[in-house]
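User: I am new to this structure and would like a close look at a single part. Could you take me through chain B?

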Amino acid sequence: MKYPNKIPHRYIHVPKPFFNSHMKKIVIIDYGLGNLRSVRKGLEHAGANVIISSDPEEIKSADGVILPGVGAFRDAMKNVESLRSTIDEYVASGKPMLGICLGQQMMLSTSEEGGLTEGLNLVKGQVLRFPHSDLKVPHMGWNSIKITQQHPIFNGINDGSFVYFVHSYYVDTTDKNTLISCEYGTEFAAAIVNDAGNVVGTQFHPEKSGDTGLKILKNFVAMC
Amino acid sequence: MLTKRIIPCLDVTLDEEGGTVVKGIEFVDLRKAGDPVELAKRYNEQGADELVFLDITASHEGRGTMVKVIERTANEVFIPLTVGGGINSIEDIRQILRAGADKVSINTAAVKNPDLIKESSDIFGAQCIVTAIDCRRNLDVENNPNKTILELEDGTPAWYEVVIYGGRQPTGIDAVQWAKKVEELGSGEILLTSMDKDGTYDGFDIPITRKLSEELEIPIIASGGVGNPEHMYEGFTKGKADAALAASIFHFGEYTVNDVKEYLKEKNIPVRL
């Protein structure tokens, strides 16, 4: 059976986007390149009002902030340098922040990517390269996670869930600052938290991890 | 444990009315059988680990339409999306990533201008630069002393020659050497297609897949020749591939992604189910 290509307009119900005061304002920090659309859509899916911006005032007035990350550590730190005091001030306010992939790595004290480079130092620890072995680098694809510490952002997420990773460097931090661990040749921190509990980072991409990832983004919006 | 990835590939082109369609689809129960976004959603529901869109229009008009398809897909499907076909420049890559793709696959343009790999990898990160290598078996080993000679299934020696423009033009380049070079230049992954196997439903080209998987540090996606789930199994075991790409077996509705994964799981291949 052939279906018409065009459906008469009256049959299509298109809900109008609306913003009201109950919606959480989430700012995705814009410091360069890459695919920010998926994070944005994932957060909108969770009911947030999402703004992509590098304006310090927007960041400070947000209910929640996302530090995304694509590319190399050194370049990313250079790009975010001018926002450093804004980020510090925001974090000190106690409001939630989520770093994703390189965004998580940037939260650490140092990284050895591209020569030892200082990070934002929001969580104590270092970023190291996967050692040379039989395993492929980047660690790319869906791997299972082990939840080592409860946190609201992982409410309803089960041990053994699959999430999507793509990275050549990994985070090495304390057990106290680790929320999720993952095994790839070595056991590394796949999700971390600062001492105060408001800054969380994931090495995996929740915006690319199907329903599991959307649930995590929803939990983040609920924290804000 | 890191799982092996199953990746459906969608060849996207334009129909007479300028709408986007996926070539070779035979699902009868989709409202618009050829709509790439509907298909992306379907494969996502079936458990696809990633999706590849191949723009086969290779026209300016096609590119604009493709960007809209990527945007619509990224709005609704939350798994990694790779886009390839006719990508020639940093600007092309920027446009496609901005539309919501996670990786781009570069083929002919990389052979003609290897610096494009290095430059794009430096700017966007190695993780989003996939180099697509199309190759064909060349049995003339005597006159090609500097090529990497592999043993085919029946013991015949051969080297694999890189071909471009969809397989129409041989380049004289050794596929193994080229793969090592693109890794050095900063490619994050290789999408390997053997033209001898593509469209045969006969299984992956194991000798070259295995060779690249063993020689390189970056992941290898095997492509070309899948006719059944057992071929996927062979690609992962004999071919040591990290991911397997297929089109027809999924498009014809003969197997779902989930069918393939159930089969692999039974044979102890780690998959996401």
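Analyst: Here is a walk through chain B, from its overall form to its core and then its contact with chain A. This is a predicted model, in which local features need pLDDT of at least 70 and side-chain atom pairs count only at pLDDT 80 or more, while totals for chains, interfaces and linings use all residues. Residues are numbered from 1 along each chain as its sequence is written, and chains are lettered from A and ligands numbered from 1 in the order in which they are written.

Chain B has 10 helices and 12 strands (DSSP runs, H or I of at least four residues and E of at least two, numbered from the N terminus). Its C-alpha trace spans about 55 × 45 × 35 Å along the principal axes. The radius of gyration, taken over C-alpha atoms, is 18 Å, which agrees with the value near 19 Å for a compact globule of 273 residues; that rule is 2.2 Å times the number of residues to the power 0.38.

Inside, 54% of the 273 residues of chain B count as buried, meaning that 20 or more other C-beta atoms, placed from the backbone, lie within 10 Å of a residue's own. The largest nonpolar core has 154 residues, and Val104(B) and Ala244(B) have the most contacts inside it. Such a core is a set of buried Ala, Val, Leu, Ile, Met, Phe, Trp, Tyr and Cys residues joined through C-beta atoms within 7 Å. Leaving out residues up to four places away in sequence, Ala244(B) touches Ile6(B), Ile7(B), Ala222(B), Val226(B), Met232(B), Gly235(B) and Phe236(B); contact means C-beta atoms, placed from the backbone, within 7 Å.

Finally, the contact between the chains takes 31 residues from chain A and 28 residues from chain B. On chain B's side, α2 (60-76) and α5 (115-124) are the elements that give two or more residues.

Notes. Two residues are in contact if their C-beta atoms, placed from the backbone, lie within 7 Å. A residue is buried if 20 or more other C-beta atoms lie within 10 Å of its own, exposed if 12 or fewer, and partly exposed in between; C-beta atoms are placed from the backbone.
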